[in-house]
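These are my notebook entries on one structure. I record what I looked up, topic by topic.

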Amino acid sequence: MRAVTAAQMRHIDAAAVERDGEVALMRAAGDAIAQLIDRFARGDGPVVAFAGNGNNGGDAYAALASYAGPRRRIVFGDPHAGGSAARVDARERARVAGVEEHEFSGDDRDEDLLGTASLFLDGVLGVNARLPLDERSARLVAVMNEAGAPILALDVPTGIDPTTGAVGEHVVRAVATIALGRPKLGCLAETARDVTGDLWCAPIGMRDDDADGIDDPPTEVMTAAEFSALLPRRAGDSDKRSSGAPLIVAGSTQFPGAAILCAWGAARAGAGYVTVAAPEGAAPTLRAHLVEQVVVTYDERDPDGAVKTILDLTNHCSSIGIGPGLGLSDAFGTIVNGVVGGTKLPVVADAGALFHLAKRLDAYRDAKLVLTPHAGEFARLSGKGTIAPGARLRRLRAFVDEYEIATLLKGPVTLIGGRHVTYLNPTGTNALATAGTGDVLTGAIATLLGQGLEPLDAARAGAYWHGLAGQHALGERRRGVIARDAADALGPSSDPDPGDPELVHIAT
């Protein structure tokens, strides 16, 4: 599903209005919002909407008109405002349905209503919002935040930039946001993610291709349905190698655990046969922990011989995961570049491998390769230094345009860049901010590559799955999630509920 800028959304909305009519679209939006009211309301009090004078305010009226639950319905709006035909229709339907309308004055009567509210609907400003907020909008934001009831933001939380995710001085802190038509790019940006809350989308018949050519290349956000469609399924006549046979080139005498976690990630992602190639000094630890996986050693003091040993192993494998726990010496540089440059198998590279590949990226242009850097590694890979706040998407796109290599940039919102599209991964949790979880991700992507996915698809499916696994592990433990928990949770989280296509849950 496309995550859109404000300009893209205006084009999508205009095309949908021409096809279906503005009134029908706003009624559909109201129906979708109404479905979430009882989910996020707290207590038995009224649902109170704050309606601005534009169509975002019209959506608030439409939602209360559609809501058929037991709660009292109140809207604070401007009774003298006109607006579009759709807004006028929504307001009239709300009046007929018995919705109480007030002009907000902040007097004691208003304070009493706010104090009993079970949910606020933020319909103050929508996709055309500009920062900083005007005085009235800023005041309504403060009122909602201070009153204490949960807030469901309509389209975007008032106070963020819908395109960049910049957060103003006054911003609604929503428990949830329902995007109308398509999710707004700003709601998925790191700066605004915390105030967006649970993110939902009501597609209401809108189409991605109506934004083609506007602010290209497109940015997509992964959904449960897309992940489920990507995830390979074992055929009935599968054997252990046809089920995915990744070769994990990882670990060292100092860091054997990285290879173990990477192998576990590969195995838990469904690989039928996992082989680990590691230096001789790491072998005893690996063999003590890896029962179902095969461990083969090489002599890191003889890098050319090590390359030959590893490449010989690839004759029986379907993909390579390389880098976790590898050293930074010149010998390891020879091994990494010798393996990646000498194989025709798809490769996912992380950690130590990124250090060595950075020196020769031009040699791997358009290769079947996935790079998985965190921000610090990306700064070195790109040669452009530290990523400035708000520049992650732009920097990733520039890097992929230059090298034409699928790249997964880790972070609170992980980005996966391909030549003609960038994906945002909406799953995950800060519980994954612990040592070794990146090794698990590398193993999972290696398996997906070995099962036949193209590099960009393996990267985006792996990121989504890894985030789900982290959420599942946190649900089981609540505290103290470690990397092996994320590996073990890959299985239970492999079949997310795609939900209702008319109301898509994007992110928690």
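**Entry 1: the sheet and the helices across it**

I began with helix H17 (residues 455-477), which lies across E14, strand E15 (406-409), strand E16 (415-417) and strand E17 (422-424). I noted that H17 runs at about 175° to E16. The model I am reading is a predicted one.

I then looked up the sheet to which these strands belong. I found an open sheet of 10 strands with mixed pairing, in the order E8-E17-E16-E15-E14-E13-E12-E9-E10-E11. I recorded strand E8 (219-221) and strand E11 (294-298) as the edge strands, since each pairs on one side only. From one strand to the next, the twist averages 20°.

I looked up a second helix that lies across strands of this sheet. Helix H11 (residues 303-313) lies across strand E9 (246-249), strand E10 (275-279) and E11. I read an angle of about 155° between H11 and E11.

**Entry 2: one strand pair**

I asked how strand E13 runs relative to strand E14, parallel or antiparallel. I found that E13 (residues 347-349) and E14 (residues 369-371) run parallel and are joined by 3 bridges. Within this pair, I located valine 348 opposite valine 370 in E14.

**Entry 3: valine 276**

I placed valine 276 in strand E10. I asked whether valine 276 is buried or exposed. Its relative accessible area is 0%, and because buried means under 20%, valine 276 counts as buried.

I next looked up its surroundings. Leaving aside neighbours within four places in sequence, I listed contacts of valine 276 with Ile248, Ala259, Ala263, Leu286, Leu290, Val294, Val295 and Val296. For one of these, isoleucine 248, I also noted the separation: 28 residues in sequence, but 4.6 Å from C-alpha to C-alpha in space.

**Entry 4: H16 against H17**

I returned to H17 and its packing with helix H16 (residues 437-450). The axes of H16 and H17 come within 9 Å and cross at roughly 135°. I therefore entered H16 and H17 as oblique to each other, the angle being neither over 145 degrees nor in the range 65 to 115. The crossing of H16 and H17 is right-handed.

I asked which residues of H16 meet H17. On the H16 side I listed Thr437, Val440, Leu441, Ile445, Leu448 and Leu449. On the H17 side I listed Pro455, Ala458, Ala459, Ala461, Gly462, Ala463, Trp465 and His466. By class, I recorded 11 nonpolar, 3 polar and no charged residues in the contact of H16 with H17.

**Entry 5: H14 against H15**

I looked up another helix pair, helix H14 (residues 375-382) and helix H15 (residues 392-403). H14 and H15 pack at an angle of about 40°, and their axes are 11 Å apart. H14 and H15 are therefore also entered as oblique to each other, and H14 passes H15 in a left-handed crossing.

In H14, I found Phe378, Ala379, Leu381 and Ser382 meeting Arg395, Leu396 and Phe399 in H15. By class, this contact of H14 with H15 has 5 nonpolar, 1 polar and 1 charged residues.

**Entry 6: arginine 2**

I located arginine 2 in the segment before helix H1 (6-20). At 5% relative accessibility, I entered arginine 2 as buried. Not counting residues up to four places away in sequence, I found arginine 2 touching Arg182, Pro183, Asp208, Ala211, Asp212, Pro218, Thr219 and Glu220.

**Entry 7: backbone details**

I looked up a cis peptide bond and found one from leucine 131 to proline 132, with omega near -5°. I placed proline 132 in the loop between strand E4 (119-123) and helix H6 (135-147).

I also looked up positive phi values at residues other than glycine. Alanine 351 has a positive phi of about 50°. I found alanine 351 in the loop between E13 and helix H13 (352-357). At 22% relative accessibility, alanine 351 counts as partly exposed.

Arginine 478 has a positive phi of about 70°. I placed arginine 478 in the loop between H17 and helix H18 (483-488). With a relative accessible area of 61%, arginine 478 is exposed.

Terms used:
Residues numbered from 1 in each chain as written. Predicted model: local features only at pLDDT ≥ 70, side-chain atom pairs only at ≥ 80, totals over all residues. Heavy atoms only, no water. Helix = DSSP H or I, 4+ residues; strand = E, 2+ residues; numbered from the N terminus. Buried < 20%, exposed > 50% of the residue type's maximum accessible area, 1.4 Å probe, protein only. Contact = heavy atoms within 4.5 Å. Axes fitted to C-alpha atoms, helices over the stretch in contact; angles between N-to-C directions. Parallel < 35°, antiparallel > 145°, perpendicular 65-115°, else oblique. Left-handed = near helix turned anticlockwise from the far one by under 90°. Nonpolar A, V, L, I, M, F, W, Y, C, P; charged D, E, K, R; others polar. Pairing = 2+ DSSP bridges.
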